[in-house]
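Hi everyone, thanks for coming. I'd like to walk you through one protein today, so have a look at it first and then we'll talk it over.

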Amino acid sequence: FFRLLFFIKFKDFVLLSISVCVTLAAIEVALRVWSPAMVFHGYKHIHRVSNIFGYELVPDTSITGTNLRVAIDVNSDGMRDVPIDGSDADVKKIAVIGDSFTFGMGVELNDTYVKQLEKQLNDRGIFNRTYNFGVIGYDMWQLVEVVKRKALNLNPDLIIIGFYHNDMSRSEHP
């Protein structure tokens, strides 16, 4: 760099500096547009502020993720699932609570582990209906609130809490 200062003319150095800055700015813009980190921003429109949970899914919303091209539909009960229609009277009800792994960030609803569990149990003659209570980014305190305020209202036969080690970072409301 210092060698350039001695052997290059000042106006050429300024032109080179401007070119480098423009190139770096273009790379920054490209990374912000095409970066996997932007995928989360594609989901922000399905969340709203909540006094109870900090934030929650907005009932009756649908979007398609920006990079993943995956349709996300939130039912009228505020869950990424098919609508609850009362047709589950003759089957076991399984409430599954969790964060983005349970929510199924990046996969179609039928490819989530929640719906795969439902399918595998049904294929084995254990007739059930799973309910996906997953919300991207939830911590343990939010998962407990979901159990108390939402999942128990369904009177489920089983509650599964799917968590990852980072969900333990905060065990109570901040």
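**Strands, rings and a few odd spots**

Let's start with one pair of residues: K93 stands opposite R129 in β6. A bit of housekeeping before I go on: this is a predicted model, where local features need pLDDT of at least 70, side-chain atom pairs count only at pLDDT 80 or more, and totals for chains, interfaces and linings use all residues. Residues are numbered from 1 along each chain as its sequence is written, and side-chain values use heavy atoms, with hydrogens and water left out.

Okay, back to the strands. Helices and strands here are DSSP runs, numbered from the N terminus, with at least four residues (H or I) for a helix and at least two (E) for a strand. Two strands pair if DSSP finds at least two bridges between them. β5 and β6 run parallel and are joined by five bridges. β5 also pairs with β7 in the parallel sense, over five bridges, and there A95 has I159 of β7 as its bridge partner.

How many of the seven residues in β5 are buried? Six of them, so to speak of the strand (residues 92-98) as mostly covered is fair. By buried I mean under 20% relative accessible area; exposed is over 50%, and partly exposed is in between, with a 1.4 Å probe and protein chains only.

Now look at β3 and β4, which run antiparallel and are joined by four bridges. I63 has I72 in β4 as its bridge partner. Strand β4 (residues 71-74) shows an alternation: I72 and V74 point to one face and are buried, whereas A71 and D73 point to the other and are not.

Stepping back, the protein has six helices and seven strands. Along the sequence, the pattern reads α-α-α-β-β-β-β-β-α-α-β-α-β. Of the 174 residues, 36% are buried. A contact means heavy atoms within 4.5 Å. Taking contacts with a separation of 6 or more, 63% are between residues 24 or more positions apart. The protein exposes about 11,000 Å², and carbon and sulfur atoms supply 61% of that; the areas come from the Shrake-Rupley method with a 1.4 Å probe, and for residues only the protein chains shown count as cover.

On to the rings. Rings of Phe, Tyr and Trp (its six-membered ring) pair if their centres lie within 6.5 Å; planes under 30 degrees apart are stacked, over 60 edge-to-face, and the rest tilted. By that rule there are three aromatic pairs. One of them is F53 with Y138, which is stacked, at 6.3 Å centre to centre and 20° between the planes. F53 sits in the loop between β1 (47-50) and β2 (54-57), and Y138 in the loop between β6 (128-132) and α6 (140-149), so this pair ties together parts 85 residues apart in sequence. Are these two buried or exposed? F53 is buried at 3% relative accessible area, and Y138 is buried at 1%.

Another pair is F101 with Y164, which is tilted: 5.2 Å centre to centre, 45° between the planes. That pair also links distant parts of the chain, with F101 in helix α4 (residues 100-103) and Y164 in the segment after β7 (158-162), 63 residues apart. F101 is exposed, at 51% relative accessibility, while Y164 is partly exposed at 40%.

F53, Y55 and Y138 form one aromatic cluster. And there's a charge over a ring, too: the charged end of R80 sits over F103, 5.3 Å from the ring centre. That label needs NZ of Lys or CZ of Arg within 6 Å of the ring centre and within 35 degrees of the ring normal.

Next, the odd spots. Most residues other than glycine have a negative phi. D60 is not a glycine, yet has a positive phi of about 60°; D60 lies in the loop between β2 and β3 (61-64) and is exposed at 57%. N155, in the loop between α6 and β7, has a positive phi near 55° and is exposed at 59%.

Last, confidence. pLDDT is the predictor's confidence in each residue, from 0 to 100. The mean is 83, and 82% of residues reach 70 or more. Which elements have the lowest and the highest mean pLDDT? Helix α3 (residues 38-43) has the lowest, 45, and helix α5 (residues 113-123) the highest, 96. Over residues 35-43 the pLDDT is below 50, and this stretch has 22 contacts in the model beyond near neighbours in sequence.
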